[in-house]
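Me: Please take a close look at one part of this structure, and set that part in the context of the chain as a whole. A connected account would serve better than a list.

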Amino acid sequence: MVSAPTLNQRQDCMKQHKHHRQPTLEQRYQISRLRKAGMSLRAIADEVGISCSTVIRELSKNSTADGYNADAAQISTNKRRSESHKHNKRSPETDRIISESLSLGLSPEAISQRTKVELSPESVLCHGTIYTSIYNNKARGGRLFSRLPRHVKKRWKGGKRRHMAGASLIPQQQDISKRHTILDKRSRIGDWEDDTGLGKKGLPGDTP
């Protein structure tokens, strides 16, 4: 009978560092045969071409009271794989919180903090999950994404911005050729201005 590995065998295998991956059915047949032959876990790992820790996991997970059987191990693995699924935290309550919070202008990061207050610990959403929910909604034709704070904020991508200012907005404007002749005498305060900046030649300018 093929038994599960002992503590000493586990510690011996911990010294070996290889990437863990589940064995194939053929490799399981090899493990079963080599284990029955009395080979050590490390020797089995080298022979099969997998890590020693993978051999330990395989024997520990799939050994029964009757020992290790490759066919039974494969069936057990397939069953666990078909039944396993990532926990889906989405619910009508989380959908309501996300939709309501976006309408209030909250970001997914802020919504995540809200779920920590209003939901149970196992139902708390991280901001990444909230973003995923929003864009899944978009893929289904929804409009939640349009309520994201950054979605409605326009950003300038270079070039000059157009400001509502300039000579065209001055009321009752007149062409400079029609200005009063007294301004040319510069005899009053306000008829002239001094340019304190230095030009290319190092001299100040004088602009009327």
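Reply: A residue is called buried here when its relative accessible area is under 20%, exposed when that area is over 50%, and partly exposed in between. The model is a predicted one. With that cut-off, the buried residues of helix 4 are Cys 52, Ser 53, Thr 54, Val 55, Ile 56, Glu 58, Leu 59 and Asn 62. Helix 4 spans residues 52–62 and is mostly covered, since eight of its eleven residues are buried. Across the chain of 208 residues, 26% count as buried.

The loop that leads into helix 4 may be taken with it. Ser 51 is located there, between helix 3 (41–48) and helix 4. Its relative accessible area is 1%, so Ser 51 is buried. The C-alpha atom of Ser 51 is separated by 9.8 Å from that of Pro 23, a residue 28 positions away along the chain. Ser 32, a residue of helix 2 (residues 25–36), has a relative accessibility of 8% and therefore counts as buried. Between Ser 32 and Ala 70 the C-alpha distance is 6.3 Å, although 38 residues separate them in sequence.

Some figures for the chain give the setting. Its secondary structure consists of eight helices and four strands, which follow one another as α-α-α-α-β-β-α-α-α-α-β-β. Among contacts with a separation of 6 or more, 52% join residues 24 or more positions apart. The exposed area of the chain is about 15700 Å², and 53% of that area is supplied by carbon and sulfur atoms.

The part chosen for the closer look is a group of charged side chains in helix 6 and helix 7. The structure holds six salt bridges, and three of the pairs are described here in turn. The account starts within helix 6, which covers residues 92–103 and contains both Arg 96 and Glu 93. The side chains of these two residues form a salt bridge, with N and O 2.7 Å apart. In sequence Arg 96 and Glu 93 are three residues apart, about one turn of the helix. An α-helix has 3.6 residues a turn, so residues three or four places apart point the same way. Arg 96 has a relative accessible area of 36% and is therefore partly exposed. Glu 93, at 34% relative accessibility, likewise counts as partly exposed.

The next pair crosses from one helix to another. Arg 114 and Glu 100 make a salt bridge in which the closest N and O atoms are 2.4 Å apart. Here distant parts of the chain are linked, as Arg 114 belongs to helix 7 (residues 108–118) and Glu 100 to helix 6, 14 residues apart. The two partners fall into separate classes of exposure, because Arg 114 is buried at a relative accessible area of 15%, whereas Glu 100 is partly exposed at 34%.

Which further side chain meets Arg 114 in a salt bridge? The partner is Glu 118, and the N to O distance is 2.6 Å. Glu 118 and Arg 114 are four residues apart in helix 7, so about one helical turn separates them. With a relative accessible area of 40%, Glu 118 is partly exposed. Through shared partners, salt bridges join Glu 93, Arg 96, Glu 100, Arg 114 and Glu 118 into one network.

Another residue of helix 7 is Lys 116. Its relative accessibility is 48%, so Lys 116 counts as partly exposed. Lys 116 and Cys 126 are ten residues apart in sequence, with 9.4 Å between their C-alpha atoms.

Helix 6 also packs against helix 8 (residues 127–139), at an angle of about 85 degrees and with the two axes 11 Å apart. An angle of 65 to 115 degrees counts as roughly perpendicular, and helix 6 and helix 8 are therefore roughly perpendicular to each other. Helix 6 contributes Asp 95, Ile 98 and Leu 102 to the contact, while helix 8 contributes Ile 130, Ser 133 and Ile 134. By class, the residues of this contact are four nonpolar, one polar and one charged. Helix 6 thus appears in both descriptions: Glu 100 of helix 6 pairs with Arg 114 of helix 7, and Ile 98 is one of the helix 6 residues in the contact with helix 8.

How values were computed:
Residues numbered from 1 in each chain as written. Predicted model: local features only at pLDDT ≥ 70, side-chain atom pairs only at ≥ 80, totals over all residues. Heavy atoms only, no water. Buried < 20%, exposed > 50% of the residue type's maximum accessible area, 1.4 Å probe, protein only. Helix = DSSP H or I, 4+ residues; strand = E, 2+ residues; numbered from the N terminus. Contact = heavy atoms within 4.5 Å. Areas by Shrake-Rupley, 256 points an atom, 1.4 Å probe, with all protein chains shown as cover. Salt bridge = Lys/Arg side-chain N within 4 Å of Asp/Glu carboxyl O. Axes fitted to C-alpha atoms, helices over the stretch in contact; angles between N-to-C directions. Parallel < 35°, antiparallel > 145°, perpendicular 65-115°, else oblique. Nonpolar A, V, L, I, M, F, W, Y, C, P; charged D, E, K, R; others polar.
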